[in-house]
Amino acid sequence: MKTSSRGRCCRAAIALVFLAAAAHAASFPAARGAGGAVATAEVDATAAGLEILRAGGNAVDAVIASALALAVVHPQAGNLGGGGFAVVRMGNELVTLDFREVAPAAAGRDMYLDASGERRPDASTLGPLAAGVPGTPTGLHLLHARLGSLPWRDVVEPARTLAGDGFRVTRRLHESIDNRSDLLATFPETAKVWLPNGAPPPIGSTKRLPLLADTLAAYAVDGPAALTRGPVAERVVAVSRRHGGILTAEDLAAYRPEWRRPIRFEAFGWRFASMDQPSSGGIILAQVFGLLERLGWAELEPGGADWFHLVAEAWRQAFVDRLLLGDPSSSDASAAELLAPARLDRLARELPRDRARESRSMVALGAPPAESAETTHLSVIDRDGNAVALTTTLNGSFGSKLWVPGFGFLNNEMDDFTTAPGRPNLYGLVQGEANTIAPGRRMLSSMSPTIAWRGDERFVFGGQGGSKIPTASSWVALGALVDGLPLQAAVDRPRIHHQWLPDAIQTESDSLSPETRAALVARGHAVVPVDFTAKVCVARRLASGLFEAAGDPRGPDAGGVVDPQ
Ligand code: DON
């Protein structure tokens, strides 16, 4: 490759960071280039993926390099101690990999309830009892073994270098730690690394994680066995036990990712592939796009009450159905049933255009709180048009808040199960019987890594934000693919959200004109400000053959584009 490509692609990444600082201002164009695209939540991680593309790696190599880099520089969500989903299009082959965490063998349905049946405060969110068995170490390696092209050690190397040589502490990382310093200080292992001298590492300082670098070096040589067996696994189990966790060496060694068939659907002239259960994301997207197309949404006046009403009602419907979903082995419904064309025809026919439905009359249950959290989405396309959408998470920001030395934060994904019937979780989601806790079961997710294509065009998207992932992801895709907005404008556009319960349209500021708001209220919608927003990352190949990458100004996220060889 031309040596000049490095400078140009890095400037592209930096340009997007600058854009991020101008959140919600008029859109800057997305980063553009001709050799591929990487969009991730951090500049260093985007750079790692671009480095791998420049070295001749494919989209799978690049997405793994970026994901591992995030485990170093973005400990809020990047991880070895969590899990995720990848949707991949390699040539004409479409596959998804489920490396979602599972409940430990000692987990049980009522493990977070006290004797009177009440949920014990923090039990499913703070500390290692909240952790599912991590899927990332085995998942990323398996993805590479089947679909990667460069040697595994080359793909791990950028992350190892970042951990060993150090990386710059960003304002975002500093503030994330500062905002949660009380919780992070609960665990001496965490405080030692992330609150040295009782405070977050200063902005701009260099942070080194030498033990994590050693672990990544071992991972580069021995693959997942370096993490799921032997000294690192023993440390994970010991630190977890010390703080009341139930993870065992057997849990770690027994974890297996699953290849699954993607959810496939067509709408608005595009084809889509997304994630099936144990994520609800693909089913929600397919249902919402299917309903909106049937309802003639593309012909409505953008920004008007009809336009927002139909989206909100489509989301409401999809989130009621979400109650039936869970691990495929315990789910009460399949994608085939929920997405059957005759069913979508009926739902579209019955969806009232002139009034809001009442969520509690659809299914009667409780109401929600909200808390900010972290997941991270990566979108990559290589020069051949191979594409990967990968979303990975610890669930809450810094997961369980317990840092295992030389491994990283353990997730708090168990909170995604139905921990107490009828009670909302971290994202205000009220969940169903299909998603109750059982040993080895996967907790239901909202992550929505998705690839869309039309001829040679590609549109790879997904995001973070718990229950807001499918709504924000569908909103961005509708903006770019149906409304024809430029990519960055589609990501920046103010959003609305509905998730059945709470029974309200949640709005970002400037999303509704006063007239539209009044018209929605007149139809019976409660309209409230959003509590926190999702962040979406997109990579795109245009019909012209050019590539674009866009991060979310709500981030700051960083997209990058690599120039041709
Ligand atoms: O799998 C899920 O749906 C959640 N654990 C995702 C969490 C998330 O997106 C946090 N980011 N804000």
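Hi everyone, let's start with the ligand. There are 16 residues around the ligand, and the ones that come nearest are T375, E413, D416, S445 and G466. Please keep in mind that this is a predicted model, so to speak a computed picture from start to finish.

What sort of residues make up that shell? They divide into four nonpolar, eight polar and four charged.

Now for the polar contacts. Which side chains reach a nitrogen atom of the ligand? In the side chain of D416, an N or O atom is 2.6 Å from a ligand nitrogen. The side chain of N395 also has an N or O atom 2.8 Å from a nitrogen of the ligand. On the backbone side, G465 offers a polar atom that is 2.9 Å from an oxygen atom of the ligand. As for cover, the ligand on its own has 340 Å² of accessible area, and the protein covers 99% of that.

Where does the ligand sit? You'll find it in the largest cavity. Two elements give two or more residues to the shell around the ligand: strand 10, residues 373-381, and strand 11, residues 387-396. Strand 10 provides the largest share, with three residues.

If you follow the chain just past strand 11, there is a backbone detail to look at. F398 is in the loop between strand 11 and strand 12, the latter being residues 403-404. F398 is not a glycine, yet its phi is positive, at about 65°.

Let's move on to a sheet. Here we have an open sheet of three strands, in the order 16-17-18, and the pairing is mixed. Strand 16 (496-497) and strand 18 (527-529) are at the edges with a single partner strand each, so each has one side without a neighbour in the sheet. As a quick reminder, strands of a sheet pair through backbone hydrogen bonds, and they do it either parallel or antiparallel. How do strand 17 and strand 18 run? Strand 17, residues 505-507, is parallel to strand 18, and three bridges join them. To place one bridge on your screen, take I505 and look for its partner V527 in strand 18.

Last topic: cis peptide bonds. One of them belongs to the sheet region we just visited, since P502 is in the loop between strand 16 and strand 17. The bond joining L501 and P502 is cis, with omega about 0°. Another cis peptide bond goes from Q277 to P278, and there omega is near 20°. Where is P278? Look in the loop between strand 9 (270-274) and helix 13 (281-294).

That's my tour, so thanks for listening, and I'm happy to go back to any of these spots.

How values were computed
Residues numbered from 1 in each chain as written. Predicted model: local features only at pLDDT ≥ 70, side-chain atom pairs only at ≥ 80, totals over all residues. Heavy atoms only, no water. Near = heavy atom within 4 Å. Polar contact = N/O pair within 3.5 Å; in protein donor to acceptor, adjacent residues only side chain to side chain. Areas by Shrake-Rupley, 256 points an atom, 1.4 Å probe, with all protein chains shown as cover. 1 Å grid on protein atoms, 1.4 Å probe; cavity = no way out; pocket = protein on both sides within 12 Å on 5 of 7 lines; lining within 4 Å. Sits in = over half its atoms within 2 Å of the grid points. Helix = DSSP H or I, 4+ residues; strand = E, 2+ residues; numbered from the N terminus. Nonpolar A, V, L, I, M, F, W, Y, C, P; charged D, E, K, R; others polar. Pairing = 2+ DSSP bridges.
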